[in-house]
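Here's a small set of exercises to work through with the model open beside you. Try each task before reading its solution.

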Amino acid sequence: MKKNQLPRILYLLLPFLTIACTQKMTTTATKPQTGQQVIETMYRHWENKWYPNFAFDQRAIFYKDDQVSREEIWQEIYSYPANLHIRFDGFETGNGVVYNQDTVYTFKEGKQVNKQYSIHPLVLLSFDVYFYDPATTISKAQELNFDLSQFTEATWQGRAAYVVGTTNPNDQSRNQFWVDKENLYVVRILTNSKGVARDVEMNNYQEIEGNMVATEIVFKNNGQLFLREEYFNISFPEKVDPSWFDPAQFSTTNWKQ
């Protein structure tokens, strides 16, 4: 190569080198570095794309000493924001719970037996996160004792994940949630309360009617499997009746009729 050709070649390559460097800088700049940024990224990625209503049946399989102890069929329906109605083993039992705007109402044989303030971490991080303004989700996550300043990355079931709430993915003593790095949906939530470390896995995501759904949820207490949920009869109602989430209407509610 002639010496006088070198400056010309570098001049021709300069625009491409500049573009490559700019793209690298943009990628680095937009990559989440904190839990707050993970929540914001989840919201932006799925804004106006996630399903606001979700109904399904589930097999609730309970375990004791690694053996199945009993099985039930539950009915559930979710509607944004923060509304969830669960019926245990059929509407006719009168047993279930209603989550309505961060308050949970418990029913037994059709009668309300308890009421308490409760932010449901799975509802918040699996559904509401895509609808609430990120500032609202951030505030609620902090109320649930997720330290959003603590952040790292790890691998979960062979896939890259963001880990929010700890800088050590092997430390299960801290409240934390794991988010699939590519798809930006939650795959794991760990909480600690009253001496119980609860580890919840959102598994077997499937695309159903164009929506991504975790069709298996696994619950472990202190490392011991105690409940596995398998979803079926999945649907995405266009409309829901607000009365289905009104605890005063519990005994007469049946969204399957």
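Keep in mind that this is a predicted model.

**Exercise 1.** Work out whether strand β12 is largely enclosed, and say why.

*Solution.* Start by locating the strand: β12 covers residues 211-221. Next, count residues under 20% relative accessible area, the cut-off for buried. Eight of the eleven pass, so β12 is largely enclosed by the rest of the structure.

**Exercise 2.** Find the strands that pair with β12, and describe how the chain gets from strand to strand.

*Solution.* Take the β11 side to begin with. Strand β11 (residues 196-208) runs antiparallel to β12, with ten bridges between them. I208 sits opposite N211 of β12. Two residues separate the strands of this hairpin, and E209 has a positive phi near 55°.

Now move to β13, residues 224-235. Its pairing with β12 is antiparallel too, over six bridges. Here F219 has L227 as its bridge partner. This pair is also a hairpin with two residues between the strands, and N222 in the turn takes a positive phi of about 50°.

**Exercise 3.** Which residues touch the most other members of the largest nonpolar core, and which strand gives that core its largest share?

*Solution.* The core has 61 residues, and the top three for touching other members are F54, F177 and M202. The largest share comes from β12, with five residues. A separate core of six residues lies apart from it, including I77, F91, W244 and W255.

Finally, zoom in on F177. Beyond its neighbours within four places in sequence, its contacts include I39, L125, F146, Y162 and R188.

Technical notes:
Residues are numbered from 1 along each chain as its sequence is written. This is a predicted model: local features need pLDDT of at least 70, side-chain atom pairs count only at pLDDT 80 or more; totals for chains, interfaces and linings use all residues. Side-chain values use heavy atoms; hydrogens and water are left out. Buried means under 20% relative accessible area, exposed over 50%, partly exposed in between (1.4 Å probe, protein chains only). Helices (H or I, at least four residues) and strands (E, at least two) are DSSP runs, numbered from the N terminus. Two strands pair if DSSP finds at least two bridges between them. A nonpolar core is a set of buried Ala, Val, Leu, Ile, Met, Phe, Trp, Tyr and Cys residues joined through side-chain atoms within 4.5 Å. Contact means heavy atoms within 4.5 Å.
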